[in-house]
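Reader: Could you walk me through some of the labels used for this model, and show how each one is earned?

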Amino acid sequence: MKRILLVIDQIRTGGAEKILLDFRQYLQSNGYDVEVFTMYYSCSKYNYGCKNNAHNIIFKFFQQIYVYIKLRLYVRRQQPDSIFSFLDRSNVIVSLLPAKYKRCLSVHNVLSVQYEKVSPLLLKFVKRLIASVYNRRCNIIIAVSLQVKNDLVENFAIKRDIIKVITNCTNKSYITQKALEQIDEIRLEKDCKYLLNIGRLSTQKAQWKLLKSLKYLKDNYTECNIRLIILGEGELRDPLILLSHKLGLSDMVSILPFNCNPFKFIKSVDLFVLPSIFEGCPIVLSEVIALETPFVGSQRAVPIELFSDNMDAWKNITFCNKNHIPDFSDSILSDDIELAELIKKHLFDNSSVNSVTGCMNWNRFNDKKHQFDSYLQLLR
């Protein structure tokens, strides 16, 4: 029996964590012996390095050394055939393990944008660290999109030939069945067009741009009867609610907590909107495509390779996200207007090229089995 170890920073509610848990289930169902090691405590059923993540940078440095030692001892005992890691810090410590272990490091975000807020000195250190450890012998790197791969090559000096692009997929049959359930959390009005966003309420996801775009549409196209639903939790929940009040959108916006069945919302709305400042290959996007719901988003959020059979469609459904700093004023910026016009076009212009037809070829392989088989193929 093959023994595989999965390593991650911590298991919460993010996309990488979901992929790890689904991959673990897939491996177990196919007869693999699977263990999970988290750098920081997640729950009692997983092995872990430290109880909590230190905030002080000096303590954090020594904590990483401690976690590495603990992981190395654990690996020595378990002797896995292969090791998969799923986030930046876990990628670094797994890369430092002895070269006799087969290692796959997965990168889920555009790191240059993710780290753009750190100081220049720290950024220089991070780039050198990533370049030195990712390029080590016996590493295989999985990038979730071509954009992520190009970013690693151009901004972190990672060797192009060790990076393989494997996009995130979904379980079509499961989500199609779940999408048939009735929405009880909110009443959908028949004469309204509905927008939907799903994700953590954070700077990365940029939901404030959605509110400002909606305000622009309300003021400039009074005939557009639009409602917005946001599903998610996070540190920007209260500021987003306050902004909706400030912009006079309280009766047009519903901010609901995470739902165990978001698929019924995806299937029922008219347009899914992803204004994120950066993404890798959002799992929610593969779910939206599987349910054939039209979508638009920022160029950093929508991987171009999903439109391999229709590149014009990608240009037609994306906008350039210029402003990356959270803005909870009532000012409407140029990219807010660009997003608003994009939304209007795809809600009311039936002749425009849409995302459903543009992703048709990619959607044929939009299946977790295809994704996870591709992971295992790298080890063979």
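**Labels and their reasons**

Author: Happy to. This is a predicted model, and α8 and α9 are roughly parallel to each other in it.

Reader: Why are α8 and α9 called roughly parallel?

Author: The axes of α8 (residues 207-220) and α9 (residues 237-246) cross at roughly 10 degrees and come within 10 Å. Angles under 35 degrees count as roughly parallel, so the label fits this pair.

Reader: Which residues meet between α8 and α9?

Author: From α8 come Q207, W208 and L211, which meet L240, L243 and S244 of α9. Sorted by class, this contact has four nonpolar, two polar and no charged residues.

Reader: What makes Q79 partly exposed?

Author: The relative accessible area of Q79 is 40%. Partly exposed lies between the 20% limit for buried and the 50% limit for exposed, so Q79 belongs there. Q79 sits in the loop between α2 (57-78) and β4 (82-85), and has a positive phi of about 50 degrees although it is not a glycine.

Reader: And E292, how do you know whether it is buried or exposed?

Author: Its relative accessible area is 54%. Exposed means over 50%, so E292 is exposed. E292 lies in the loop between α11 (283-290) and β12 (295-298), and its phi, near 60 degrees, is a positive value in a residue other than glycine.

Reader: Which residues have the most contacts inside the largest nonpolar core?

Author: Those are Y134, F295 and I343, in a core of 105 residues. α8 gives the most to this core, with six residues.

Methods:
Residues are numbered from 1 along each chain as its sequence is written. This is a predicted model: local features need pLDDT of at least 70, side-chain atom pairs count only at pLDDT 80 or more; totals for chains, interfaces and linings use all residues. Side-chain values use heavy atoms; hydrogens and water are left out. Axes are lines fitted to C-alpha atoms, for helices over the stretch in contact, and angles run from 0 to 180 degrees between N-to-C directions. Helices (H or I, at least four residues) and strands (E, at least two) are DSSP runs, numbered from the N terminus. Angles under 35 degrees count as roughly parallel, over 145 as roughly antiparallel, 65 to 115 as roughly perpendicular and the rest as oblique. Contact means heavy atoms within 4.5 Å. Ala, Val, Leu, Ile, Met, Phe, Trp, Tyr, Cys and Pro count as nonpolar, Asp, Glu, Lys and Arg as charged, and the others, Gly among them, as polar. A nonpolar core is a set of buried Ala, Val, Leu, Ile, Met, Phe, Trp, Tyr and Cys residues joined through side-chain atoms within 4.5 Å. Buried means under 20% relative accessible area, exposed over 50%, partly exposed in between (1.4 Å probe, protein chains only).
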